[in-house]
Amino acid sequence: MNWRIGVDSGGTFTDVYLFEEGSGRTEIWKVSSTPDDPSRGIAQGVAEALQRVGATPNAVGYFGHGTTVGTNALIQLRGVPTGLITTDGFRDLLEIGRQKRPELYDLQADKPPVLVARDLRLEVPERVRHDGSVETALDEQAVREAARALREAGVRSVAISFLYGFVRPEHEQTARRIVAEEFPDAFVSVSSEVAPEFREYERMSTTVVNAYLGPVMERYIRRLADRLAALGLGVAPHLTQSNGGVIGFEQASRLPVRTVLSGPSTGVVAAQAIGEQTGFGNLITFDVGGTSSDVALLQDGRCALASEAVVHGYPIKAPMLDIHTVGAGGGSIAYVDNGGLLKVGPRSAGADPGPVCYGRGNTEPTVTDANVVLQTLNPTHLLAGRMPIDRQLAVAAVERLAGRLGLGVMETAQGILSVVTANMARAIRVISVQRGHDPRDYSLVAFGGAGPLHAARLARELEMTRVIVPLTPGILCATGLLLTDLRADFAGSLMRQLDAGAAGPLERAFAALERQAEAWFRDERIDPADRALARSIDVRYLGQNYEIAVQVPDGPIGPATLETVAARFAAEHERLYGFSAEGEPVQLVTCRAGATGRVRKAAFRPQPDAGPDPSPALAGRRQVWMPEYGDFVDCPVYDRARLEAGNRIAGPAIVEQMDTTTVVLPGMTATVEPYLNLILEFGA
């Protein structure tokens, strides 16, 4: 068994990446996604890919999978009817939240719908104080009655979230036992297991989202497992988490809230490996698919891990890579707003009907259609000829939009690209400039089906001088599945001042997390030699309402450890906010432990230098409309599969491959480095 398979299931395409351990051979395959049942498209893609390489399912030694099922169910509000059992007096917390408007100056902005209707949010007498003492014992009969009421109401999932449940979880565990007795068919989500941290609203929201998505993910995982078994795959499949690691299907079924960024996270993991290959540590990742663009910042080869995020309006306290998303992808629809201005996205044509050029009935032009009109994309087919397209349909759609704007067809098509580039640049400024990083100090790693198509213009917009296009950019998220480890994160709130007496409580808090990590290592059967544990703690000045994650040194915790934590916190606070408040009391908030189980990964080999001449890879020439010239330009078109290490291409040029197209602008040079990544540089 020497084939390793990574599958990334997106909204438009399902990507399959195969790596043969013995020879280092790689193969990629793409099929259209099947939104009605994503497992069908995955099984089809895996079967076709194995047939393409002449391998049988029993030759597969590893299967990793990234999915958008949970994310899409949350976006489209297609979770299951959910009930909530909470502390007496707190059922409206889920709706009140933090009393913030989504947009400060937009009086018409709507909050996202509450996932649990008010009549399904039931209260029971119980009260634990902040110090863990019990003020009011749990009324078990009230829990029993609440479970019966929710069962009669037809809910399929129950969330249990009590005030200070993270300090003393016994009440929640008792409530879970009673619900299981009264309502055994329900999916039960308990806050002390899903998000054992302070901040009652965010903890309740996370628990509810987990319950809302639980049966959806359970059904999906069961279908996928059955289809993979029917194919003959005998290995235990793994699913990507939002933190960039992978977990088994069983744990993913219990904690689906940890998979909401399942797809994008592995692209960041793969980009980190590419940074190691190319020698560039400071990277900004740029992942453009059919519906969105996902961006992340890697400093010294590492992406920050966020402990909390707002995903489509719902706060989620779960470890996830710090990825920012905007609705700007190849399928994003261009339109004229009420003020007569050209806008692009966030509405998307998706996989079906898709862009106008697909010929499936859509009449609104998309970003893909604009590229087809300008002929930066192949005007006759995509996917190396497997998907024919109709440029005339795209021209007609852009022409209708041009008539409303009073512009020419080519100017309108280029305008669509300029608007979407501005949207993408705004997303990158959020993760860089707004957090104290200058994007000019970073290299842009472009991937996804449309990332390399837009990367050069985006880099110029941000004054970045270097773009890295991986060997298989269109399926890099699938590639990342073969480069990531098993990972689980554990957390517990401490809430005490950083002083001389903090060492003991901090030692005990981390010891409890380490015991949880040890249990996880045993359950996953991870060899002791492959285990790793990283400790961090959220720290803030006393009275602040935001925290900064600080790495905690290994070993016993003593005065030197506390001094190191304080110094790291002050330095990071100064970097982020321009000052540190020397002498102000510092508070320790939440302890975290990241457990990693190292697995064997795909290994790539450097290729010998073949010289700068790229002419053996020249596949033809094409007229491409370039705004730099205000006209069509005769551009060479290169076949990426035939480019070799050392080849250099002067722009303007087009590089085509099955999974994406790369645009090399005038004034740029593209060089193939030893691992066959394409390095685009201005003025090189």
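**Exercise 1.** Which residue of β4 does V7 stand opposite? Work on the predicted model and place strand β1 among its partners.

*Solution.*
1. V7 stands opposite H65 in β4.
2. That pair belongs to a parallel pairing: seven bridges join β1 to β4, residues 60-67.
3. Strand β2 (residues 13-20) is also joined to β1 by seven bridges, here in the antiparallel sense.
4. Within the β1 and β2 pairing, D8 has D15 of β2 as its bridge partner.

**Exercise 2.** Decide why strand β1 counts as largely enclosed by the rest of the structure.

*Solution.*
1. Take buried as under 20% relative accessible area.
2. On one side of β1, W3, I5, V7 and S9 are buried.
3. On the other side, R4, G6 and D8 are buried as well, so that both faces are covered.
4. Seven of the seven residues of β1 (3-9) are therefore buried, and the strand is largely enclosed by the rest of the structure.

**Exercise 3.** Describe the open sheet that contains β34, and locate the helix that lies across β31 and β35.

*Solution.*
1. The sheet has four strands in the order β31-β32-β34-β35, and its pairing is mixed.
2. Its edges are β31 (618-626) and β35 (660-664), each of which pairs on one side only.
3. From one strand to the next, the twist averages 30 degrees.
4. Strand β34 (residues 653-657) pairs with β35 over five bridges in the antiparallel sense.
5. V655 stands opposite T662 in β35.
6. Helix α13, residues 451-461, lies across β31 and β35 and runs at about 20 degrees to β35.

Methods: Residues are numbered from 1 along each chain as its sequence is written. This is a predicted model: local features need pLDDT of at least 70, side-chain atom pairs count only at pLDDT 80 or more; totals for chains, interfaces and linings use all residues. Side-chain values use heavy atoms; hydrogens and water are left out. Two strands pair if DSSP finds at least two bridges between them. Helices (H or I, at least four residues) and strands (E, at least two) are DSSP runs, numbered from the N terminus. Axes are lines fitted to C-alpha atoms, for helices over the stretch in contact, and angles run from 0 to 180 degrees between N-to-C directions. Contact means heavy atoms within 4.5 Å. Buried means under 20% relative accessible area, exposed over 50%, partly exposed in between (1.4 Å probe, protein chains only).
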